[in-house]
Amino acid sequence: MIYLDAAATTPVRREALEAMWPYLTGSFGNASSHHSLGDEAGRALSSARARVAAAIGARAGEIIFTSGGTEADNLAIKGMALASPRGRHIVTTPIEHEAVLASCDYLLRQHGFEISYVPVDRDGLVRLPDFAAALRSDTTLCTVMLANNEVGTIQPVAELAAIARSGGIPFHTDAVQACGSLSLQVGELGVDAISLSGHKFGAPKGVGALFLRSRFTVEPVLHGGGQERGRRSGTENVAGAVAMATALEMSQGEVQGKAERLAALRDQLIEGVLANARGAILTGHATQRLPNNASFCFPGTSGEAVLLQLEERGILCSSGSACAAGSDEPSHVLLAMGYSREVAQTAVRFTLTDDTTKEQIQEVVLSVAEAVAAVGALGQPR
Ligand code: PLP
């Protein structure tokens with residue numbers, strides 16, 4: 001089996017598993033308990049918080065642990081928007097993850113917010129003047145993802161955040177896809193909030209974090225016992241936090257060398273597929289894209305049918321975002337980039353893992369050509 005779906009999820013790193021093990025077994029205490037076992041868990045949580053913060057150049061108090069990327073996005077968007085007295089207007093893009101789009105939609109439906117969607121070009125890039133033009137004196141929050149989960153396009157987030165900052169407007173970025181393969185430093189990005197998800201870089205599913213710059217407050221989304229300094233109630237996932245700290249330190253430490261290696265494999269895959277699979281179109285920006293993302297449309301096929309053919313050949317990948325899998329609707333990302341519904345329905349995404357090899361890519365290129373030809377021959381809708 002060749003797994004090329006790292007954007008959906010990654011296996012847990014052995015080091016992360018070993019780091020979390022004690023907090024699932026002997027040192028299983030509740031971090032809020034007032035006894036020695038609780039204190040031990042509390043210390044582990046504090047240390048994990050400090051390590052996550054250090055890995056991205058933040059302060060410990062600026063890290064709120066969550067259950068994952070979806071919750072971090074909800075907390076950033078609903079929490080920052082509802083806590084801000086600035087107004088009721090949010091600026092985002094039409095290619096965000098559903099966690100962002102649905103949070104904005106909630107604010108529109110339940111709290112009377114207006115949402116502006118800055119268009120993207122054919123490569124999935126936001127243009128700076130379009131973004132600047134969308135900002136208003138009552139804009140409460142901007143939220144633009146760092147890298148897109150379907151097509152891998154990397155947005156000029158530092159430049160966008162600088163524009164927002166010049167208007168005094170807080171800026172959140174969903175870095176869930178970026179944090180496994182790009183260097184993430186809050187100082188360089190200049191953003192006020194960042195969403196992270198552990199299972200995208202070798203921590204288990206069910207743990208994530210929101211970086212929130214210290215001068216901002218959030219209205220909690222989860223109410224209860226007041227954990228995470230009142231910002232996110234619920235018994236802390238100490239073992240998950242420890243695993244996330246370990247995985248984040250490791251993946252951020254490896255980013256430099258890894259990005260070059262992955263980008264070379266990605267380009268080998270892109271060139272091979274474009275040369276060998278009939279009618280293949282690369283989606284997303286040719287160079288400004290995640291080093292592990294190669295995504296295509298194969299007009300005249302059906303993405304789902306190509307996926308099945310690939311799985312028969314031992315290759316696991318995705319038709320776009322795992323979250324939208326199973327739905328017949330074409331990708332909202334590709335539609336926003338200007339692709340027709342017919343072409344958008346033929347999307348296939350390959351996201352490389354840390355273990356992907358050159359030989360595997362050679363095999364995948366051949367299999368993609370065969371799969372596309374097989375689906376074409378079956379007379380799938382054109
Ligand atoms: N944001 C982006 C860009 C994602 O790709 C995902 C998941 O794929 C999420 C948010 C949601 O993260 P989680 O699966 O941790 O809830």
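These are legends for a handful of close-up views of a predicted model.

**View 1. The ligand and the residues around it.** The shell here is made up of 13 residues, and the closest of them are G69, T70, D174, S197 and K200. Sorted by class, that shell splits into 8 polar, 3 charged and 2 nonpolar residues. If you're looking for the element that gives the most to the shell, go to helix α3, residues 69-83, which puts in 3 residues.

**View 2. Polar side chains up against the ligand.** Start with D174, where a polar side-chain atom sits 2.6 Å from a ligand nitrogen. Over at S197, an N or O atom of the side chain is 2.6 Å from an oxygen atom of the ligand. Q177 also has a polar side-chain atom by a ligand oxygen, at 2.8 Å. How much of the ligand's accessible area does the protein cover? On its own the ligand has 390 Å² of it, and the protein covers 89%.

**View 3. Two cysteines with no bond between them.** Don't hunt for disulfides in this model: the count is 0. C297 is in none, and the nearest cysteine sulfur to it, in C317, is 13 Å away. Why is there no bond for C317? Its closest cysteine sulfur is the one in C297, and at 13 Å that is too far; the cut-off for a disulfide is 2.5 Å between the sulfurs. Both side chains are tucked away from the surface: C297 is buried at 0% relative accessible area, and C317 is buried at 13%.

**View 4. E228 and R229, a pair of positive phi angles.** Neither residue is a glycine, yet phi is positive in both: near 55° for E228 and about 50° for R229. The setting is a loop: E228 is found between β8 (208-212) and α8 (238-276), and R229 lies in the loop between β8 and α8 as well. Buried or exposed, which is E228? With a relative accessibility of 6%, E228 counts as buried. R229 goes the other way and counts as exposed, at 65%.

**View 5. A salt bridge across distant parts of the chain, D354 to R13.** The closest N and O atoms of this pair are 3.6 Å apart. What makes the view worth a pause is the sequence separation, since D354 and R13 are 341 residues apart. D354 belongs to the loop between β12 (347-351) and α12 (358-377), while R13 belongs to the loop between β1 (2-3) and α1 (14-24). As for exposure, D354 is partly exposed at 37% relative accessible area, whereas R13 counts as buried at 14%. Zoom out a little and the pair turns out to be part of a network of salt bridges that links R13, E254, K258 and D354.

**View 6. A salt bridge inside helix α1, R14 to E18.** Here the partners are 4 residues apart, about one turn of the helix, and both lie in α1. Their closest N and O atoms are 3.4 Å apart. R14 is exposed, with 60% relative accessible area, and E18 counts as partly exposed, with 49% relative accessibility.

**View 7. A strand and a loop joined by E114 and R136.** At 3.0 Å between the closest N and O atoms, E114 and R136 form a salt bridge. E114 lies in strand β4 (residues 114-117) and R136 in the loop between α5 (128-134) and β5 (139-143), so the bridge ties together parts that are 22 residues apart in sequence. Both ends are partly exposed: E114 has a relative accessible area of 44%, and R136 comes in at 30% relative accessibility. And how many salt bridges does the model hold by this rule? The count comes to 18, with a side-chain nitrogen of Lys or Arg within 4 Å of a carboxyl oxygen of Asp or Glu as the test.

Conventions. Residues are numbered from 1 along each chain as its sequence is written. This is a predicted model: local features need pLDDT of at least 70, side-chain atom pairs count only at pLDDT 80 or more; totals for chains, interfaces and linings use all residues. Side-chain values use heavy atoms; hydrogens and water are left out. Buried means under 20% relative accessible area, exposed over 50%, partly exposed in between (1.4 Å probe, protein chains only). A residue is near a molecule or strand if one of its heavy atoms lies within 4 Å of it. A polar contact is a pair of N or O atoms within 3.5 Å; within protein, one must be able to donate a hydrogen and the other to accept it, and residues adjacent in sequence count only if both atoms are side-chain atoms. Accessible areas come from the Shrake-Rupley method with a 1.4 Å probe; for residues, only the protein chains shown count as cover. Helices (H or I, at least four residues) and strands (E, at least two) are DSSP runs, numbered from the N terminus. Ala, Val, Leu, Ile, Met, Phe, Trp, Tyr, Cys and Pro count as nonpolar, Asp, Glu, Lys and Arg as charged, and the others, Gly among them, as polar.
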